[in-house]
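Here's a quick tour of one structure, with an eye on what is tucked away and how the rings pair up. Have a look at it first.

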Amino acid sequence: KLKICLIADAKHADEAKKHNLDIDVTDLDTLKKFNKDKKVVKKWAKKYSLLLASDTVLKKVPVVVGPILNRIGMFPTVVSHAEPLSKKIEDTRASIKFQLKKVTC
């Protein structure tokens, strides 16, 4: 089962609560508490199979957390207000992310 975390703005946080979605919701203030500490960020990100972020906060994530999420391949997927959160999460659960390994001959 995929464990998903949403870095949400107020609107998405309300939507997630309202629809009782089976995801963890966090906000930028929580991420700020990590203080760009690589170990803390990594430990937090590793708990989840996938990170999602509201389109309004996505640009601020690297600023608050630093480049670590990109390095560990856990950069959040964008969620816009145009489509319902529940649909986006269903789609995400339905699609499987493959990681390609470079093969040296």
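## A buried histidine

Buried here means under 20% relative accessible area, while exposed means over 50%. By that cut-off histidine 12 is buried, since its relative accessible area is 0%. Keep in mind that this is a predicted model.

Histidine 12 sits in helix H1, which spans residues 10–18. Leaving aside residues up to four places away in sequence, histidine 12 touches Leu6, Ser54, Val79, Ser80, His81 and Leu85.

## The two sides of H3

Helix H3 covers residues 38–46, and Val41, Trp44 and Ala45 are its buried members. Looking down the axis of H3, the buried residues fall within an arc of 95°, so they line one face of the helix. Flip to the other side of H3 and you find Lys39, Lys43 and Lys46 exposed.

What sits over the buried residues of H3? The cover includes strands S1, S2 and S3, along with helices H2, H5 and H6. At the N-terminal end of H3, aspartate 37 acts as a cap: one of its side-chain oxygens is 3.1 Å from the backbone nitrogen of lysine 39.

## A ring cluster

There are 2 aromatic pairs in the structure. Phenylalanine 34 and tryptophan 44 make a tilted one, at 5.6 Å centre to centre with 50° between the planes. Phenylalanine 34 is in the loop between H2 and H3 and tryptophan 44 is in helix H3, so this pair ties together parts 10 residues apart in sequence.

Tryptophan 44 also pairs with tyrosine 48: the centres are 5.7 Å apart and the planes at 70°, so that pair is edge-to-face. Ring pairs thus join Phe34, Trp44 and Tyr48 into a cluster. Phenylalanine 34 is buried at 14% relative accessible area, tryptophan 44 at 9% and tyrosine 48 at 8%.

Notes
Residues are numbered from 1 along each chain as its sequence is written. This is a predicted model: local features need pLDDT of at least 70, side-chain atom pairs count only at pLDDT 80 or more; totals for chains, interfaces and linings use all residues. Side-chain values use heavy atoms; hydrogens and water are left out. Buried means under 20% relative accessible area, exposed over 50%, partly exposed in between (1.4 Å probe, protein chains only). Helices (H or I, at least four residues) and strands (E, at least two) are DSSP runs, numbered from the N terminus. The arc is that of the directions from the helix axis to the C-beta atoms. Contact means heavy atoms within 4.5 Å. A polar contact is a pair of N or O atoms within 3.5 Å; within protein, one must be able to donate a hydrogen and the other to accept it, and residues adjacent in sequence count only if both atoms are side-chain atoms. Rings of Phe, Tyr and Trp (its six-membered ring) pair if their centres lie within 6.5 Å; planes under 30 degrees apart count as stacked, over 60 as edge-to-face and the rest as tilted.
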